[in-house]
Amino acid sequence: MSEFSAFDHQMMTHALRLAERGAFTAKPNPMVGCVISKGGLVVGEGWHVRAGEAHAEVIALQAAGDAAKGATAYVTLEPCAHTGKTGPCADALIAAGVKRVVAAMRDPFPQVDGAGFEKLRAAGIEVQSGLMEAQAQRLNRAFITRVTRGRPWVRVKLAVSLDGRTALANGESQWISGEESREDVHRWRARCGALITGAGTILKDDPQLTVRLPAEEAFVAPLRVVLDPGLATIARGRVREGDAPTLYIHGETTKVPRGFTADIAAVPEIQSRLDLHRVLTLLAERGVNEVQLEAGATLTGGFLSQGLVDELLVYIAPVIMGDAARPMFDGLRIEHMSERVRFKQIDLRKFGDDTRVLLEPVPLEAREQR
């Protein structure tokens, strides 16, 4: 018999939906939702809206008021036990007099990682964890990746033809996908802490790498990151315009021009190419949970060949571009079927005439079992 009731599941489902509302604004913090229930009724609810502002538990407790005493708090992530920009949520729950706390998952952040549960139990509060844990982990997979693996979650966005081509031989690629697909891309961009592209894409396509959503939809603009080993693009490109911040990452041996005031960082080079592992580590150190790579075949191939791709977001347009056009990935050097990179489909949707496929790589050990 499960330790959680149908009502528990209903409340946690609601809390997870609340948490999702912070997808565009909570970063670099995790998305968290909280529901306070008493006597079979919801007496308070909330979600973490923005870093530096009140956490989900505090907002829900404020909404519940005196009704929180003796209630159950359903929260999608272990309540924090440390003081950051806000006070500990565990202390707030204790002070409110809640009787029971049900959490979806433990918080892997080192300053929490079980300490919140311990503080609640020490105060005599019943604590249960693991309800809808898989869903909660999926929701905050990017935050978990940064905390546990020391790098952001990496998504590669591609618009391709039916024959798997991303641009004509001359580099022309606007537009392969339709307007509906391009609008959807902006929602994915809004989730990210950073958008990455390469110097070649800046020189050929001159992208803005900004988020364009309806005025009523709030978001925190992602950092625009240009991987430019020799700083060939620092004096050009729309990527320097607008309010969104821009970071240029160059090679350690590159001489930075005098008077250059843009945000820059250096990483080691491996065979004249930037160390992509170090690039991601640097971004994680800046608090970036999730990145979206929008670049050419060489850079996307580099990320894929080094095992640094967590997700593919592919918009397939019903067009043929021919064998002279550019591929999705370059430099993989696959010579045997046993070396092929396999993916599993996570989601499939239609956007106008295009088909959007969301894919995740199959782990090597799973491939070897087949």
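How many of the residues of helix 10 (residues 297-305) are buried? Keep that in mind while you set up the viewer, and we will come back to it.

**Before you start**

This is a predicted model, in which local features need pLDDT of at least 70, side-chain atom pairs count only at pLDDT 80 or more, and totals for chains, interfaces and linings use all residues. Residues are numbered from 1 along each chain as its sequence is written, and side-chain values use heavy atoms, with hydrogens and water left out. Helices (H or I, at least four residues) and strands (E, at least two) are DSSP runs, numbered from the N terminus.

**Stop 1: helix 10 and what follows**

Select 297-305. Helix 10 is mostly covered, with 7 of its 9 residues buried; buried means under 20% relative accessible area, exposed over 50%, and partly exposed in between (1.4 Å probe, protein chains only). Show A297, L299, T300, G301, G302, F303 and L304 to see the buried residues of helix 10. Then step to G307, just after helix 10, where phi is positive at about 70°.

**Stop 2: strand 15 and its partners**

Next, select 311-316. Strand 15 has 5 of its 6 residues buried, so it is largely enclosed by the rest of the structure. Add strand 6 (residues 153-160), which runs parallel to strand 15 and is joined to it by 6 bridges. To find one of these pairs, label V160 and its bridge partner I316 in strand 15. Now add strand 18 (residues 354-361): strand 15 and strand 18 run antiparallel, with 5 bridges between them. Here L313 has L358 of strand 18 as its bridge partner. Two strands pair if DSSP finds at least two bridges between them.

**Stop 3: the open sheet**

Move to the open sheet of 5 strands, whose order is 2-1-3-4-5 and whose pairing is mixed. Its edge strands, each pairing on one side only, are strand 2 (41-47) and strand 5 (126-129). Ignoring direction, neighbouring strands of this sheet are turned by 15° against each other on average. Inside the sheet, select strand 1 (residues 33-38) and strand 3 (residues 72-75), which pair in the antiparallel sense over 4 bridges. Label C34 and you will find V75 of strand 3 opposite. Now bring in helix 4 (residues 115-122), which packs on the sheet and touches strand 4 (100-103) and strand 5; contact means heavy atoms within 4.5 Å. The direction of helix 4 makes about 150° with that of strand 5. Axes are lines fitted to C-alpha atoms, for helices over the stretch in contact, and angles run from 0 to 180 degrees between N-to-C directions.

**Stop 4: helix 3 and its two neighbours**

Keep helix 4 on screen and add helix 3. Their axes come within 9 Å and cross at roughly 20°, and helix 3 and helix 4 are therefore roughly parallel to each other. Angles under 35 degrees count as roughly parallel, over 145 as roughly antiparallel, 65 to 115 as roughly perpendicular and the rest as oblique. The crossing of helix 3 and helix 4 is right-handed; a crossing is left-handed if the near helix is turned anticlockwise from the far one by less than a right angle, and right-handed if clockwise. Show A90, D91, L93 and I94 of helix 3 with G116, K119 and L120 of helix 4, which make the contact. By class, this contact of helix 3 with helix 4 has 4 nonpolar, 1 polar and 2 charged residues. Ala, Val, Leu, Ile, Met, Phe, Trp, Tyr, Cys and Pro count as nonpolar, Asp, Glu, Lys and Arg as charged, and the others, Gly among them, as polar.

Now select helix 2 (residues 56-64) with helix 3 (residues 89-96): their axes come within 9 Å and cross at roughly 20°. The crossing of helix 2 and helix 3 is left-handed. E57, V58 and L61 of helix 2 meet C89, A92, L93 and A96 of helix 3. The residues of this contact of helix 2 with helix 3 are 6 nonpolar, no polar and 1 charged.

**Stop 5: backbone curiosities in the loops**

Zoom in on K27 and P28, which are joined by a cis peptide bond with omega about 5°. P28 sits in the loop between helix 1 (6-20) and strand 1.

Which loop holds L209? L209 is in the loop between helix 8 (199-205) and strand 9 (223-227). Its phi is positive, near 55°, in a residue other than glycine, and L209 counts as buried at 2% relative accessibility.

Finish at S272, in the loop between strand 12 (269-270) and strand 13 (273-274). S272 is not a glycine, yet has a positive phi of about 70°. With a relative accessible area of 62%, S272 is exposed.
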